[in-house]
Amino acid sequence: MTSPEPVRNRAQRRKDTLSRLTQDRDAWVATSSANGRPALVPLWFLWDRGTLLMCTRRDTVTARNLTPRGEAVVTVGPATDVVHLSGTAEIVECDALAADSARAFSAKLGWDPRDGAQCVFLRIIPHTVKAWREENEQSGRLLMRGGQWLD
């Protein structure tokens with residue numbers, strides 16, 4: 001067993017978190033139906049204007065779950081360097097997405113969902129962001145509360 005890396009201060013965690021959100025492409029997205037049935041799916045994402053932008057078919061359980069509740073929890077990264085985000089999710093029709101956001105999504109992920117009528121974008125506006133690597137970083141993991149980055 002190796003010893004964990006030194007604990008990062010909040011400024012370094014925020015910098016590392018924004019780097020992960022900008023560079024990574026895979027996330028786990030958790031939603032819940034109106035009656036509380038959970039769903040967890042992997043989706044690609046783009047960090048766009050301080051929000052997560054994702055895409056899925058409009059008939060998926062994830063898209064259906066967002067309609068009544070509008071809440072999602074997302075994790076990015078491995079268990080030893082995780083970003084955990086919760087926020088409000090909204091469905092954005094392909095033709096309603098800003099053109100520069102659609103181009104950035106396509107450039108990062110190599111896929112333009114606007115080509116298929118079956119897709120919708122999901123925009124998740126973060127309310128809470130936490131980041132930690134190992135047990136020694138559990139304290140101080142909160143980086144955003146109420147949609148505002150903590151300093």
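Student: Over the ring of which residue does the charged end of K108 sit, and how far is that end from the centre of the ring?

Tutor: In this model, which is predicted, the charged end of K108 sits over the ring of F45, at 4.5 Å from its centre. A second case can be read in the same manner, for the charged end of R141 sits over the ring of W132, 5.8 Å from the centre of that ring.

Student: Before going further into side chains, how many helices and strands does the protein chain have, and how do the elements run from the N terminus on?

Tutor: The protein chain has three helices and nine strands, and from the N terminus on the elements run α-β-β-β-β-α-β-β-α-β-β-β. Along its principal axes, the C-alpha trace spans about 50 × 35 × 30 Å. With 151 residues, a compact globule would have a radius of gyration near 15 Å, and the 16 Å of the protein chain agrees with that.

Student: What share of the residues is buried, and what share of the accessible surface belongs to carbon and sulfur atoms?

Tutor: Buried residues account for 40% of the 151 residues, while the accessible surface comes to about 8400 Å², with 51% of it belonging to carbon and sulfur atoms. As for the contacts with a separation of 6 or more, 66% of them come from residues 24 or more positions apart.

Student: How should I read an aromatic pair, and how many does a search of the whole structure find?

Tutor: A pair of aromatic rings is described by the distance of the centres together with the angle of the planes. A search of the whole structure finds three aromatic pairs. One of them is formed by W44 and W111, which are edge-to-face, with 6.4 Å from centre to centre and 75° between the planes. This pair links distant parts of the chain, since W44 belongs to strand 2 (residues 38-44) and W111 to the loop between helix 3 (99-109) and strand 7 (119-132), 67 residues apart.

Student: Are W44 and W111 buried or exposed?

Tutor: Neither term applies, because W44 has a relative accessible area of 32% and is partly exposed, and W111, at 34% relative accessibility, counts as partly exposed as well. Another pair is that of F105 and F121, edge-to-face at 5.3 Å centre to centre and with 90° between the planes. F105 lies in helix 3 and F121 in strand 7, so this pair ties together parts that are 16 residues apart in sequence. Both F105 and F121 are buried, and W44, F105, W111 and F121 form one aromatic cluster.

Student: Where is S106 placed, and with which residues is S106 in contact once its neighbours within four places in sequence are left aside?

Tutor: S106 has its place in helix 3, and with those neighbours left aside it is in contact with W111 and D112. S106 counts as buried because its relative accessible area is 17%, which is under the 20% limit for that term.

Student: How do I read salt bridges here, and to what number does the count come?

Tutor: Side chains of opposite charge can pair when their charged atoms come close. The count comes to 16 salt bridges in this structure. Among them is the one where the side chains of D112 and R114 meet, at 2.8 Å from N to O; here D112 is partly exposed at 22% relative accessibility, and R114 is partly exposed at 35%. D48 forms a salt bridge with R49, the closest N and O atoms being 3.9 Å apart, and in that bridge D48 is buried, with a relative accessible area of 8%, whereas R49 counts as exposed at 56%.

Student: Which residues are linked in a network of salt bridges?

Tutor: The network links E5, R8, R13, D16, R20, D24, D81, R133 and E137. Within this group, the side chains of D24 and R20 meet in a salt bridge of 2.5 Å, N to O, and D24 and R20 are both buried.

Student: As a last case, which residues is A39 in contact with, apart from its neighbours within four places in sequence?

Tutor: A39, whose place is in strand 2, is in contact with V29, A30, T31, V61 and N65. At 14% relative accessibility A39 counts as buried, and its C-alpha atom is separated by 7.0 Å from that of T62, a residue 23 residues apart from it along the chain.

Note on methods. Residues are numbered from 1 along each chain as its sequence is written. This is a predicted model: local features need pLDDT of at least 70, side-chain atom pairs count only at pLDDT 80 or more; totals for chains, interfaces and linings use all residues. Side-chain values use heavy atoms; hydrogens and water are left out. Rings of Phe, Tyr and Trp (its six-membered ring) pair if their centres lie within 6.5 Å; planes under 30 degrees apart count as stacked, over 60 as edge-to-face and the rest as tilted. Helices (H or I, at least four residues) and strands (E, at least two) are DSSP runs, numbered from the N terminus. Buried means under 20% relative accessible area, exposed over 50%, partly exposed in between (1.4 Å probe, protein chains only). A charge sits over a ring if NZ of Lys or CZ of Arg is within 6 Å of the ring centre and within 35 degrees of the ring normal. Contact means heavy atoms within 4.5 Å. A salt bridge is a side-chain nitrogen of Lys or Arg within 4 Å of a carboxyl oxygen of Asp or Glu. The radius of gyration is taken over C-alpha atoms; the globule rule is 2.2 Å times the number of residues to the power 0.38. Accessible areas come from the Shrake-Rupley method with a 1.4 Å probe; for residues, only the protein chains shown count as cover.
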